[in-house]
Amino acid sequence: MITAFFNQMPVLVVVVPLLAAPLCVLAHRAFAAWLIYCLASWAAFAMAFLLFVEAKIAGQVSYAVGNWAPPFGIELVIDTYSALVLLLVTGVAALTGLYARKSIASEIAIEREYLVFALMLLCLAGLVGITVTGDAFNLFVFLEISSLSSYALIAMGPKRRALLSSFQYLIMGTVGGTFLLIGIGLIFMMTGTLNMADLADRLPEVYATRTVQAGLAFIVVGLSLKAALMPAHIWLPNAYTYAPSAISAFIAATATKVAVYALFRFVFTVFGAGYAFGTLPLGIVLLALAAVSMIAGSLASIFQTDVKRLLAWSSVAQMGYIVAGFALATPAGVSAGLVHLLNHGLIKGALFMAVGAMVWRVRASSINDLAGLGRAMPLTSAAFVVGGLSLIGVPATAGFISKWALMSALFDAQHYGVMALLLVASLLSIIYVGRVIEALYFRPLPDDVSHHKHGEAPLGMQVATWALIAINIVIGVHATPELEAAARAAATLVGGGA
Amino acid sequence: MSPLWLLILVAWPALMAAPIALVGRWPNLRETVSVLTGVALLVGVARFIAPIAAGARPEFSVFSILPGLDLAFALEPFGLIFALIAAALWPLTTLYAAGYMRGNDEPNQTRFFICFALAISAAIGMALSANLLTLFVFYEMMTLVTYPLVTHHGDIESRNGGRVYIGILMTTSIGLFLPAIVITWVIAGNVDFTPGGVFAGTGLGGLAAMGLYGLFIYGVGKAAVMPMHRWLPAAMVAPTPVSALLHAVAVVKAGVFSVLKITVYIFGIDFLHVTGASQPFVWLAAFTLLAASVVAIYCDNLKKRLAYSTIGQLSYIVLGAALASRLGATAGGLHIVTHAFGKITLFFCAGAIYTAVHRKYVSQLNGLGRAMPLTFTAFTIAAISLIGLPPMAGAWSKWYLMSGALDVQTQMVLVVLALSSLLNIVYLLDIPARAFFLPGDDKTPRGFAEAPAACVVPLMITASACVVLFFYARPIIAFIDTAFGSAS
């Protein structure tokens with residue numbers, strides 16, 4: 001029985017949230033739907049943890065869906081690279097469950113709450129599916145599941161602008177999805193297979209063809225759109241700003257990260273580092289885009305008046321850091337990119353949760369509206385401060401570990417210019433984080449506002465926020481396990497020890 | 001003695017912040033806890049003097065932050081000197097702060113004492129750090145926990161001061177110091193403080209070493225080498241006890257201490273001497289110490305004048321390090337001690353004057369000498385020590401600095417130092433001269449008008465230390481010199 005469960009875990013981690021979604025709809029009551037969400041997401045998290053351990057021991061876990069042997073059937077493959085992203089996605093989803101109850105209740109009408117939880121489960125199932133699948137077309141299907149549900153989630157935001165931002169995201173997201181599909185179609189045309197491992201075997205024969213080159217280009221562009229890498233980022237600030245707070249936290253911490261995961265899964269596992277970075281000049285292209293993202297995203301962040309939008313622009317910048325690491329295509333670089341992918345998910349999740357708690361109280365998210373909350377919401381404000389320090393990269397936080405890993409990888413690869421830009425972007429982050437902190441602590445609380453009836457955020461929101469903050473600090477002071485796991489993942493992607 | 005003590009010493013002030021917070025409602029109890037914590041810390045640190053002098057180098061590794069890089073503590077002479085200074089002056093400052101904060105009815109006194117304890121923890125952490133990463137962790141911790149102290153009043157002025165303060169310190173540390181550490185890690189594969197340095201045999205050339213040394217010198221913004229000095233005058237918006245302990249001792253000494261450690265244990269005196277990598281920084285430090293002295297002459301705000309004086313004095317230590325000679329580094333270590341006692345006395349005096357008569361401009365001090373004889377006598381003693389005249393402790397650090405300069409054939413430094421002493425006389429002795437010899441205005445108190453005893457006693461103690469240390473400088477020199485025991 002237990003062995004059977006363990007054997008089925010790779011598929012259960014997708015199926016549990018997928019089937020829990022219709023259950024939410026059937027349950028119809030907000031509380032019941034929330035309970036189902038929590039059970040399913042925590043179960044997924046537990047399974048993700050077990051899969052991580054299994055992948056560590058075995059190197060790779062493979063599962064044939066429906067017992068159809070690969071490459072004919074769909075194969076699920078979990079190695080350390082996917083297991084780490086899986087842990088991030090399910091972990092943030094589980095914590096968002098704790099957080100979402102009060103936050104969603106304050107922003108969405110009660111008769112529609114169950115829909116939010118159903119959609120979040122669908123989105124989770126899609127994201128988890130992307131990370132565990134070993135099949136190119138299957139990845140596209142899961143990407144669409146997660147995308148469609150996130151369009152609907154963003155549209156449920158409390159302001160009417162949410163509809164427009166959701167539509168904007170839908171257009172860009174669909175373009176991205178279509179590009180990905182075209183790319184997969186092109187390489188399928190040349191090889192006749194969709195299984196990633198099989199593709200990796202067969203592609204070298206046809207490397208020189210324009211079709212395969214075009215396929216890679218389509219896939220990279222499509223997934224860059226989903227990952228919001230500049231100049232394909234324009235959907236992101238609006239989407240994060242107008243989505244319900246809990247959804248902003250969940251999507252910011254997971255969706256773009258999974259897109260980056262998929263991008264480099266294709267680039268390294270399917271096409272191979274030698275082809276993409278040796279034969280084709282993908283490295284320099286991605287590095288240039290990453291550098292532009294870092295600087296432009298940080299600069300834009302400084303001039304925002306809305307905190308959620310400020311954090312969203314900072315995410316654009318941080319995607320640049322992540323891609324810069326991966327684009328080095330060295331073991332140290334890929335490992336640094338992956339570390340920052342995970343750490344930034346934790347940082348941004350925590351920050352959006354802290355801001356969401358403030359929005360819960362003041363019902364607005366402009367920096368001016370947060371004036372004086374340092375005294376009124378001491379715990380939430382403290383959480384924001386710690387998260388902000390982690391974003392800047394102060395030692396003893398996860399952000400510092402990312403910066404350290406990225407800088408040493410960039411210096412080692414002799415990309416001194418990008419290293420300098422990364423430093424400049426970090427310095428810019430001091431300014432935008434500082435602006436929020438000054439508003440929280442140095443401005444008086446307005447007298448005439450009705451929000452005085454509320455005190456600190458509810459317990460669930462506090463616990464979720466501080467759990468992410470605590471993980472940030474634990475990683476900051478003892479990052480060795482994370483870095484070693486990332487090094488293992490990098491070794492499977494680009495070879496070589498680290 | 002068990003190396004575990006190193007961790008206990010670092011954690012002790014931070015842990016005691018909790019009891020200080022708990023008894024915050026009873027100020028007398030709170031200050032008693034603070035002072036006792038400080039005395040216990042001093043005793044704990046002092047117990048290491050004999051073993052370290054005998055050549056012991058205890059080490060304690062807490063856990064690994066990154067693969068191959070631990071949060072680790074180790075003790076050597078420079079670190080012990082810095083830790084002793086911080087631990088000795090903390091209880092005195094707490095006593096002084098109790099008088100000052102109450103005398104001026106400052107708000108949020110409990111937060112003040114908590115942040116103070118955390119800042120001392122950071123100082124001890126830096127003093128005891130065994131590698132650059134540990135040093136950097138506590139360096140940043142010190143920046144962050146002193147920010148609420150600098151912006152203590154919470155008004156627009158302190159917000160602006162705080163912006164400059166954290167802006168410059170964080171920009172330099174993250175923009176220059178951190179990459180310097182990362183580069184050292186990539187090149188040498190090791191950022192432990194190693195006698196003789198870590199770069200031997202790595203093929204680091206003279207010019208590259210010069211660039212890297214520059215990243216360190218300017219990255220350690222706390223050392224306030226121009227143009228990274230602006231945070232120090234900005235920090236003067238803080239209550240005076242903060243300026244006294246943190247911005248005359250703990251924070252700025254943390255900066256020059258880092259420079260000394262990096263010079264001696266990362267680059268190595270011999271490596272710097274052979275490559276000449278630190279040569280340009282002798283002149284940059286010389287420029288800073290002259291320019292800061294000139295600026296100080298024109299500062300009417302007393303605390304600001306003292307801040308610029310600190311910038312100049314810090315550059316003595318940077319200069320001593322950059323000379324790349326044993327004597328120079330020893331002089332730097334000694335100057336950490338003598339300047340600490342001298343400058344904290346001056347700040348104590350400034351705070352006492354403010355508490356007693358609410359004056360903060362030099363031009364308002366005329367004739368105050370008769371009302372506050374103890375304060376201004378202490379001021380005079382400390383000023384003479386900083387100028388570097390016997391029989392005050394400061395004379396020795398200047399003496400060794402000059403010997404260090406002669407040692408490496410840079411005679412021009414002697415001229416700079418002499419000139420700087422003259423400038424020091426102009427801006428420092430100006431103050432007691434006004435107080436004692438110029439007539440006061442109508443509002444100047446006629447009778448005896450000293451600040452509360454809690455303010456005056458500490459400044460008399462530190463002023464006497466300036467004299468006493470003149471006669472006991474030799475053991476300190478001998479002690480610092482053991483740092484080079486295995487290095488050369």
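**Exercise 1. Contacts of a core residue**

Leaving aside its neighbours within four places in sequence, which residues is A:Leu422 in contact with?

*Solution.* The structure is a predicted model.

Step 1. Set aside the residues within four places of A:Leu422 in sequence; the contacts are then A:Met294, A:Tyr321, A:Ala324, A:Leu406, A:Met407 and A:Leu410.

Step 2. Place A:Leu422 in its wider setting. The largest nonpolar core has 414 residues, and A:Leu422 is one of the four that touch the most other members. The others named with A:Leu422 are A:Leu121, B:Ala86 and B:Val318.

**Exercise 2. Burial of a helix**

Determine how many residues of helix α9 of chain A are buried, and identify the helices against which they pack.

*Solution.*

Step 1. Recall the cut-off: a residue is buried if 20 or more other C-beta atoms lie within 10 Å of its own.

Step 2. Apply it to α9(A), residues 235-242. Eight of the eight residues are buried, so the helix is largely enclosed by the rest of the structure.

Step 3. List the buried residues: A:Trp235, A:Leu236, A:Pro237, A:Asn238, A:Ala239, A:Tyr240, A:Thr241 and A:Tyr242.

Step 4. Identify the surroundings. These buried residues pack against α5 (136-155), α6 (161-191), α10 (245-271) and α13 (307-327) of chain A.

**Exercise 3. Two packed helices**

Describe how α14 and α19 of chain A are arranged relative to each other.

*Solution.*

Step 1. Two packed helices are described by the angle between their axes and the distance between the axes.

Step 2. Read both values. The axes of α14(A), residues 331-362, and α19(A), residues 459-477, come within 9 Å and cross at roughly 150°.

Step 3. Classify the angle. Angles over 145 degrees count as roughly antiparallel, and α14(A) and α19(A) are therefore roughly antiparallel to each other. Their crossing is left-handed.

Step 4. Examine the contact. Residues of α14(A) that take part include A:Leu346, A:Met353 and A:Trp360, while those of α19(A) include A:Met461, A:Leu468 and A:Ile475. The residues of this contact divide into 13 nonpolar, four polar and no charged.

**Exercise 4. The contact between the chains**

State how many residues each chain gives to the contact, and analyse the side of chain A.

*Solution.*

Step 1. Chain A gives 24 residues and chain B gives 20 residues.

Step 2. On the side of chain A, the elements that give two or more residues are α17 (398-412), α18 (416-442) and α20 (480-494). The largest share, seven residues, comes from α18(A).

Step 3. By type, the residues on this side of chain A divide into 16 nonpolar, five polar and three charged.

**Exercise 5. Unusual backbone features**

Locate the cis peptide bonds at A:Pro231 and B:Pro227, and examine the phi angles of A:His28 and A:Ala228.

*Solution.*

Step 1. Most residues other than glycine have a negative phi, and most peptide bonds are trans.

Step 2. In chain A, the bond from A:Met230 to A:Pro231 is cis, with omega near 0°. A:Pro231 lies in the loop between α8 (210-227) and α9.

Step 3. In chain B, a cis bond joins B:Met226 and B:Pro227, with omega about 10°. B:Pro227 lies in the loop between α8 (206-219) and α9 (231-234) of chain B.

Step 4. A:His28 has a positive phi of about 70°, and its place is the loop between α1 (2-27) and α2 (30-58) of chain A. With 13 other C-beta atoms within 10 Å, A:His28 is partly exposed.

Step 5. A:Ala228 has a positive phi near 60° and lies in the loop between α8 and α9 of chain A. A:Ala228 has 28 other C-beta atoms within 10 Å and is therefore buried.

How values were computed
Residues are numbered from 1 along each chain as its sequence is written. Chains are lettered from A and ligands numbered from 1 in the order in which they are written. This is a predicted model: local features need pLDDT of at least 70, side-chain atom pairs count only at pLDDT 80 or more; totals for chains, interfaces and linings use all residues. A residue is buried if 20 or more other C-beta atoms lie within 10 Å of its own, exposed if 12 or fewer, and partly exposed in between; C-beta atoms are placed from the backbone. Helices (H or I, at least four residues) and strands (E, at least two) are DSSP runs, numbered from the N terminus. Two residues are in contact if their C-beta atoms, placed from the backbone, lie within 7 Å. A nonpolar core is a set of buried Ala, Val, Leu, Ile, Met, Phe, Trp, Tyr and Cys residues joined through C-beta atoms within 7 Å. Ala, Val, Leu, Ile, Met, Phe, Trp, Tyr, Cys and Pro count as nonpolar, Asp, Glu, Lys and Arg as charged, and the others, Gly among them, as polar. Axes are lines fitted to C-alpha atoms, for helices over the stretch in contact, and angles run from 0 to 180 degrees between N-to-C directions. Angles under 35 degrees count as roughly parallel, over 145 as roughly antiparallel, 65 to 115 as roughly perpendicular and the rest as oblique. A crossing is left-handed if the near helix is turned anticlockwise from the far one by less than a right angle, and right-handed if clockwise.
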